[in-house]
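Hello,

Here is the structure you were waiting for. My notes on it follow below.

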Amino acid sequence: MQLEDKVENIKVGIVGFGSIGFDVGNRIDQGIENFKLVGVSSKTKEKVLKKISSFKNKPPFLNLDELCKRSDVILDCAPKKAFKSVLQNCLLNKTKLITISGSGILENFELVKNANQSKIQIVLASGAILGLDGLRAASEGKIYSVKMITTKPPNALASAKYVLENKISLENLSEKKLVFNGSAKDGAEAFPANVNVAAAIGLAGIGPEKTNLEIWADPSLTKNTHQVFVKSDSSDFVIKVQNIQSTENPGTGKITALSMVACLRGLVSSLKTGT
């Protein structure tokens with residue numbers, strides 16, 4: 001359906017109800033004009049039911065297919081491994097998709113391109129990174145290089161797949177430690193739950209294969225920090241973000257959920273700021 005034809009009461013479904021999904025759902029429940037939460041889907045039904053018990057308007061718990069059928073917009077807040085299934089159901093039901101899973105998009109890029117045939121839009125929310133509008137604008141010209149340095153407290157990386165598989169010790173660090181150095185594409189694959197921002201930077205700029213990524217663990221930090229250095233024929237700029245960790249999941253910044261709420265508001269706002 002065309003969202004502009006139905007400004008009032010846009011039906012929103014949320015997939016994944018961890019720290020991000022719950023925060024977004026709670027804000028919709030508290031009242032975001034023109035939006036209604038019509039359902040939630042997750043692998044942890046009991047946890048979801050407990051979390052929504054405090055909502056004023058308790059949304060039903062639905063399977064993914066039913067949620068996509070009932071919704072105008074799906075907010076994908078689930079882990080990367082769920083992205084393909086979420087995307088396939090949105091394509092099948094012609095449901096708009098807003099996601100924070102840049103790594104999921106990279107892994108399923110051929111399927112993502114099918115959205116054009118299904119006449120739906122897939123929106124990658126900014127999540128924990130800022131400045132994607134400037135990077136997208138620069139990519140209309142020529143970008144010479146993009147380098148991203150992500151530095152996080154050890155507790156935000158300790159459970160990462162790459163760290164565990166390579167037996168990288170992050171305990172009792174006295175100084176910062178380089179954990180990964182490579183392309184944003186390889187980084188997104190190695191850290192699917194930790195550096196979605198790297199995938200977003202790659203997709204907005206010169207591509208994930210050409211975007212250099214360093215990941216550091218720093219015991220002196222309390223915030224998840226990202227720096228992006230861009231050189232182009234139109235502008236050289238640096239993006240620096242220090243995100244406050246989510247209480248429930250230290251690997252996720254609080255601003256991630258807020259970026260999804262901002263994305264929702266942008267669907268119906270008469271004034272859109274930024275590219």
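The protein chain carries 36 positive and 26 negative charges, and the mean positions of the two sets lie 3 Å apart. Please keep in mind that this is a predicted model, and that the values here are computed from it.

On the chain as a whole: its secondary structure amounts to 12 helices and 10 strands. The C-alpha trace spans about 50 × 45 × 30 Å along its principal axes. The radius of gyration is 19 Å; this agrees with a compact globule, because one of 275 residues would have a value near 19 Å. Buried residues account for 49% of the 275. The chain exposes about 13,800 Å², of which carbon and sulfur atoms supply 48%. If you take the contacts between residues at least 6 apart in sequence, 71% of them join residues at least 24 apart.

Three places in the chain are described below.

Helix H4 covers residues 83-93. Its buried residues are Phe 83, Val 86, Leu 87, Asn 89, Cys 90 and Leu 91. After H4 comes Lys 94, which has a positive phi, near 55°.

His 226 is found in strand S9, which runs over residues 223-232. Is His 226 buried or exposed? Its relative accessible area is 2%, so His 226 counts as buried, the cut-off being under 20%. The His 226 side chain makes a polar contact of 2.9 Å with the side chain of Thr 150. Thr 150 also appears in the list of residues in contact with His 226, which leaves aside neighbours within four places in sequence. That list includes Ala 128 and Ile 129, then Met 148, Ile 149 and Lys 152, and also Val 197. The remaining entries are Ile 239, Lys 240, Val 241 and Asn 243.

Ser 220 sits in the loop that lies between strand S8 (212-217) and strand S9. Ser 220 has a relative accessibility of 59% and therefore counts as exposed, the cut-off for that being over 50%. Which side chain does the side chain of Ser 220 join in a polar contact? The partner is Asp 218, at 2.7 Å. Ser 220 can also be placed relative to Leu 173: the two are 47 residues apart in sequence, and their C-alpha atoms are 9.2 Å apart in space.

Regards

Note on methods
Residues are numbered from 1 along each chain as its sequence is written. This is a predicted model: local features need pLDDT of at least 70, side-chain atom pairs count only at pLDDT 80 or more; totals for chains, interfaces and linings use all residues. Side-chain values use heavy atoms; hydrogens and water are left out. Helices (H or I, at least four residues) and strands (E, at least two) are DSSP runs, numbered from the N terminus. Buried means under 20% relative accessible area, exposed over 50%, partly exposed in between (1.4 Å probe, protein chains only). A polar contact is a pair of N or O atoms within 3.5 Å; within protein, one must be able to donate a hydrogen and the other to accept it, and residues adjacent in sequence count only if both atoms are side-chain atoms. The radius of gyration is taken over C-alpha atoms; the globule rule is 2.2 Å times the number of residues to the power 0.38. Contact means heavy atoms within 4.5 Å. Accessible areas come from the Shrake-Rupley method with a 1.4 Å probe; for residues, only the protein chains shown count as cover. Lys and Arg count as positive and Asp and Glu as negative; His and the chain ends are not counted. The place of a charge is taken as NZ of Lys, CZ of Arg, CG of Asp or CD of Glu.
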